[in-house]
Amino acid sequence: MKKSLIVVAALALLAAAPLFFRRATAGPAAAAPQERTSLMLHKATFAAGCFWGVEVAFRKVDGVVNVEVGYTGGHTVHPTYRDVCTGTTGHAEAVLVTYDPSKVSYAELLDVFWSSHDPTTLNRQGPDIGSQYRSAIFFHNAEQERAARASLKEVEESGVFKNRIVTQIVPAGVFYAAEDYHQQYFARRGMAESCHVGIAQVRTKLAAKAAELRKAMAGGAVCDPTDPAACGMSHWTQFSDEELRAKLTPEQYQIAREAGTERPFTGKYWNEHRAGTYVCAVCGQPLFSSTTKFDSGTGWPSFYQPLNRSAVVERTDKSHGMVRTEVLCSGCQSHLGHVFDDGPAPTGLRYCMNSAVLDLKLEKQPAAESSATESKRAQTADEHR
Ligand SMILES: [Zn+2]
């Protein structure tokens, strides 16, 4: 890393040299170039789930010079992706961010960090399960540690996240760059970038900026969460249309991909009362808790709120001559149903879902790995060969 820092610094020096030269020849009256690159580049390391998407989030930040994906925080030397996927190396999928502190502060990077994942799920991001997907801030010095702890406190006190934040704040150790094919994964494949880094969920003063940034990101061609077509399938699923047709029943396909609706009182969950978590039948993303389920009398499973703010995506649906709010899985953009404002307390909302695109994971069952994670592994294992 030191070597690459020197290289980056040297490049920055070379890039800046003409500016100095121009200034010198133009005399002291010339305006200082605003674009001048600081020669003191800093490093920051974050883990926030699958690094493909996290890389994208930080690469969009003005002042970030480079983002490298890799592994850190574990106990093995020179781990491979395959090693890390086993969940036994202790390493987390992480990003090493090189930034210009004159253009972006560490606090702003923390904002992006908090805003680009769910820091309340232990060893898990969406369907990706295992300690390698943990949420962690690896500080490089005492100043970063202080900033990270202050930021954590601020985000915690904001009450934005419903659940307790489980993010680790630990010293940065050796960062092992991931295999080349993981670097700029989406950009190199010309793929729609991940929705994993979806919408800013924090409302602190610090995070307001990140929310704007994320809004700007979403508004661009990057990944608009209100437009699944722009987003494409999330990297969590990696299903082609063909694979989806093979994986899903015709009814599931019609609902998930063509915004269909099952006939009321026919689904498997409209009258379901067992305790557990309803997950997306397509990608395995946890969506609703049985504790928020109620009998709506409609013949469709109904909930008054999703599991958390990032579980689902909502967008306006003007089909069939009505203005409704469509609800999609944020993990794979599958259509799930609609939300109406005639639900019970405490939210007054009724999330009217289709049973066919839900799977109930009963409580006290050992958490099974989602097929999406397996699919991702199989795919990445293939790339590895
Ligand atoms: Zn899904």
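The following dialogue works through the reading of sheets, cores, helix packing and backbone geometry in a predicted model.

Colleague: Before going into detail, how many helices and strands are there in the protein chain, and what share of its residues is buried?

Modeller: This is a predicted model, and its protein chain holds 11 helices and 17 strands, with buried residues making up 43% of the 385 residues. Among contacts between residues at least 6 apart in sequence, 71% join residues at least 24 apart.

Colleague: In what order do the strands of the open sheet that contains β1 run, and which are its edge strands?

Modeller: A sheet is read by following the pairing from strand to strand. Here 6 strands form an open sheet with mixed pairing, in the order β7-β6-β1-β3-β2-β8, and the edge strands, β7 (168-171) and β8 (176-177), each pair on one side only. Within this sheet, β1 (residues 42-48) and β3 (residues 92-99) are paired in the antiparallel sense over 5 bridges, and Lys43 has Thr98 of β3 as its bridge partner.

Colleague: And which strands stand at the edges of the sheet that contains β14?

Modeller: That sheet is also open and has 6 strands, but its pairing is antiparallel, in the order β11-β12-β16-β15-β14-β13. β11 (293-294) and β13 (312-317) each have a single partner strand, so one side of each is left without a neighbour in the sheet. The antiparallel pair of β13 and β14 (residues 324-329) is joined by 6 bridges, and Val313 is partnered with Leu328 of β14.

Colleague: Which residues have the most contacts inside the largest nonpolar core?

Modeller: A core can be read from its residues and from the elements that supply them. The largest nonpolar core has 43 residues, and those with the most contacts inside it are Phe46, Ala94, Val95, Val97 and Leu109. The elements that each supply at least two of its residues include β1, β3, α4 (106-115) and α5 (142-158). A second, separate core of 34 residues includes Phe288, Leu336, Met353 and Leu358. To return to Val97, its contacts, not counting residues up to four places away in sequence, are Lys43, Ala44, Phe46, Phe58, Val64, Val67 and Leu109.

Colleague: How should I describe the packing of α4 and α5, and at roughly what angle do their axes cross?

Modeller: Two packed helices are described by the angle between their axes and the distance between those axes. The axes of α4 and α5 come within 10 Å and cross at roughly 45°, which makes α4 oblique to α5. The crossing is right-handed, and the contact is made by Tyr106, Ala107, Leu110 and Trp114 of α4 together with Gln144, Ala147, Ala148, Ser151 and Val155 of α5.

Colleague: Which residues of helix α10 are buried, and what covers them?

Modeller: In α10 (residues 250-258) the buried residues are Gln252, Tyr253, Ile255 and Ala256, and their cover includes α9 (241-247) and β15 (335-340). The helix is followed by Ala259, whose phi is positive, near 55°.

Colleague: Where else should I look at the backbone, and is His78 buried or exposed?

Modeller: Most residues other than glycine have a negative phi, and most peptide bonds are trans. His78, in the loop between β2 and α3, has a positive phi near 50°, and with 9 C-beta neighbours inside 10 Å it counts as exposed. His320, in the loop between β13 and β14, has a positive phi near 55°, and with 7 C-beta neighbours inside 10 Å His320 counts as exposed. The peptide bond from Ala345 to Pro346 is cis, with omega near 10°, and Pro346 lies in the loop between β15 and β16 (350-353).

Conventions
Residues are numbered from 1 along each chain as its sequence is written. This is a predicted model: local features need pLDDT of at least 70, side-chain atom pairs count only at pLDDT 80 or more; totals for chains, interfaces and linings use all residues. Two strands pair if DSSP finds at least two bridges between them. Helices (H or I, at least four residues) and strands (E, at least two) are DSSP runs, numbered from the N terminus. A nonpolar core is a set of buried Ala, Val, Leu, Ile, Met, Phe, Trp, Tyr and Cys residues joined through C-beta atoms within 7 Å. A residue is buried if 20 or more other C-beta atoms lie within 10 Å of its own, exposed if 12 or fewer, and partly exposed in between; C-beta atoms are placed from the backbone. Two residues are in contact if their C-beta atoms, placed from the backbone, lie within 7 Å. Axes are lines fitted to C-alpha atoms, for helices over the stretch in contact, and angles run from 0 to 180 degrees between N-to-C directions. Angles under 35 degrees count as roughly parallel, over 145 as roughly antiparallel, 65 to 115 as roughly perpendicular and the rest as oblique. A crossing is left-handed if the near helix is turned anticlockwise from the far one by less than a right angle, and right-handed if clockwise.
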